[in-house]
Amino acid sequence: MRKLVLGSVLVPLLVVGAVRGARSPSSAHAASARDGVALAVSRALEGRFVAPATRTAAGSRPAVARRVCEVTAPNLGEHVFYVEESFAAAQRRPFAAALLIVTPVDGTHARITELRPRDLSALAGTCDRATTRSQAAPVTAEPGCAMLAEVRAHGLTARTEGDRCPSLLNGAHHRTRTITIDDASLAVLDLGLTHSGAVAWGDPAAPVRYRRVPTRR
């Protein structure tokens with residue numbers, strides 16, 4: 001697996017070190033299970049995806065390209081991924097980007113925390129670089145917006161939890177995100193909900209559906 005190296009990624013978070021001692025057999029087994037779920041999440045997330053142009057109740061949506069690659073960012077965590085989205089007709093100009101920190105919870109679940117760069121251009125094109133050692137990119141996380149992923153044999157389903165991810169758009173109280181990935185496709189559904197659970201923005205019947213682009217060998 002190719003890993004890129006992110007340099008001093010600046011995050012407004014406190015990093016606390018810990019001293020690791022010898023593992024007991026039970027803790028070693030748990031660690032092995034978490035390593036397995038981290039690998040499964042990596043396989044599901046990474047790659048190239050394309051969502052074809054489509055028409056929804058809210059209007060037409062142009063074709064979108066999504067690229068995900070694993071990067072090395074020691075100050076963020078052991079399993080970090082860079083996500084870049086662009087219109088398929090202009091892939092060198094992304095309209096969205098993020099770093100995803102994957103933290104295994106147990107043998108079948110992992111938590112995915114999304115960090116957004118303050119400047120899209122700072123990380124644009126990361127997956128096409130041989131290295132980014134000298135690169136620095138301030139990023140921020142939205143409290144309450146982490147997703148819990150459940151790993152399956154051939155993919156995963158990840159979703160935000162509860163109503164703690166804020167959104168004020170169109171009178172919403174919070175937003176939810178659900179990502180479903182299998183061997184051939186990926187679907188992303190973003191919704192804004194009111195206090196009562198009514199949909200303030202987004203279309204529950206129209207997630208963004210990507211097909212996975214096979215990699216060349």
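# Bridges, bonds and rings

Modeller: Let's start with a cluster of charges: Glu114, Arg116, Arg177 and Asp190 are linked in a network of salt bridges. Keep in mind that this is a predicted model.

Biologist: How many salt bridges does the structure hold?

Modeller: Side chains of opposite charge can pair when their charged atoms come close. The network I just mentioned includes Arg177 and Asp190. Counted over the structure, the salt bridges come to seven.

Biologist: Staying with that network, how far apart in sequence are the parts that Arg177 and Asp190 tie together?

Modeller: The side chains of Arg177 and Asp190 meet in a salt bridge, with 2.6 Å from N to O. Arg177 sits in strand β12 and Asp190 in strand β13 (residues 185–193), so the parts tied together are separated in sequence by 13 residues.

Biologist: Is Asp190 buried, exposed or partly exposed?

Modeller: Its partner Arg177 is buried, at a relative accessible area of 15%. For a residue to be buried, the value has to be under 20%. Asp190 has 25% relative accessibility, so the label for Asp190 is partly exposed.

Biologist: On to another bridge. Which residue forms a salt bridge with Glu85?

Modeller: The closest N and O atoms of this pair are 3.0 Å apart. The pair links distant parts of the chain, 19 residues apart, with Glu85 in strand β6 (residues 77–87) and its partner in strand β5 (residues 64–73). That partner of Glu85 is Arg66.

Biologist: Is Arg66 buried or exposed?

Modeller: The cut-off for buried is under 20% relative accessible area. Glu85 is at 15%, so Glu85 is buried. Arg66 has 7% relative accessibility, so Arg66 also counts as buried.

Biologist: And what about Arg67, which residue does Arg67 bridge to?

Modeller: Here too, the closest N and O atoms are 3.0 Å apart. Arg67 is in strand β5, while its partner is in the loop between β8 (109–117) and β9 (139–141), 61 residues apart. The residue that Arg67 bridges to is Asp128.

Biologist: Is Asp128 buried or exposed?

Modeller: The two ends of this bridge fall into separate classes: Arg67, at 18% relative accessibility, counts as buried. Exposed needs a value over 50%. Asp128 has a relative accessible area of 58%, so Asp128 is exposed.

Biologist: Let's turn to cysteines. How many disulfides does a search of the whole structure find?

Modeller: A disulfide is a covalent bond between the sulfur atoms of two cysteines. With bonded cysteines counted along the chain, the pattern is 1-2, 3-4. The number of disulfides found is two.

Biologist: What is the handedness of the disulfide between Cys69 and Cys127?

Modeller: The S to S distance for Cys69 and Cys127 is 2.1 Å. Cys69 lies in strand β5 and Cys127 in the loop between β8 and β9, so the bond ties together parts that are 58 residues apart in sequence. Both cysteines, Cys69 and Cys127, are buried. The torsion about their S-S bond is about -90°, so this disulfide is left-handed.

Biologist: And the handedness of the disulfide between Cys145 and Cys165, what is that?

Modeller: In this disulfide the sulfur atoms of Cys145 and Cys165 are 2.0 Å apart. Cys145 is in the loop between β9 and β10 (147–152), and Cys165, 20 residues away, is in the loop between β11 and β12. At 12% for Cys145 and 1% for Cys165, each of the two counts as buried. The S-S torsion is about 90°, so the disulfide of Cys145 and Cys165 is right-handed.

Biologist: Which loop holds Asn170?

Modeller: Asn170 has a phi near 55°, a positive value in a residue other than glycine. With 59% relative accessibility, Asn170 counts as exposed. Its place is the loop between β11 (155–160) and β12 (174–181).

Biologist: Last topic, the rings. Is the pair of Phe87 and Phe95 stacked, edge-to-face or tilted?

Modeller: The structure has one aromatic pair. Planes under 30 degrees apart would be stacked and over 60 edge-to-face. The ring centres of Phe87 and Phe95 are 4.7 Å apart and their planes are at 35°, so the pair is tilted.

Biologist: What is the relative accessible area of Phe95?

Modeller: Phe87 is partly exposed, at 38%. Phe95 is partly exposed as well, and its relative accessible area is 37%.

Notes:
Residues numbered from 1 in each chain as written. Predicted model: local features only at pLDDT ≥ 70, side-chain atom pairs only at ≥ 80, totals over all residues. Heavy atoms only, no water. Phe/Tyr/Trp six-rings, centres within 6.5 Å; stacked < 30°, edge-to-face > 60°. Buried < 20%, exposed > 50% of the residue type's maximum accessible area, 1.4 Å probe, protein only. Helix = DSSP H or I, 4+ residues; strand = E, 2+ residues; numbered from the N terminus. Salt bridge = Lys/Arg side-chain N within 4 Å of Asp/Glu carboxyl O. Disulfide = S-S within 2.5 Å.
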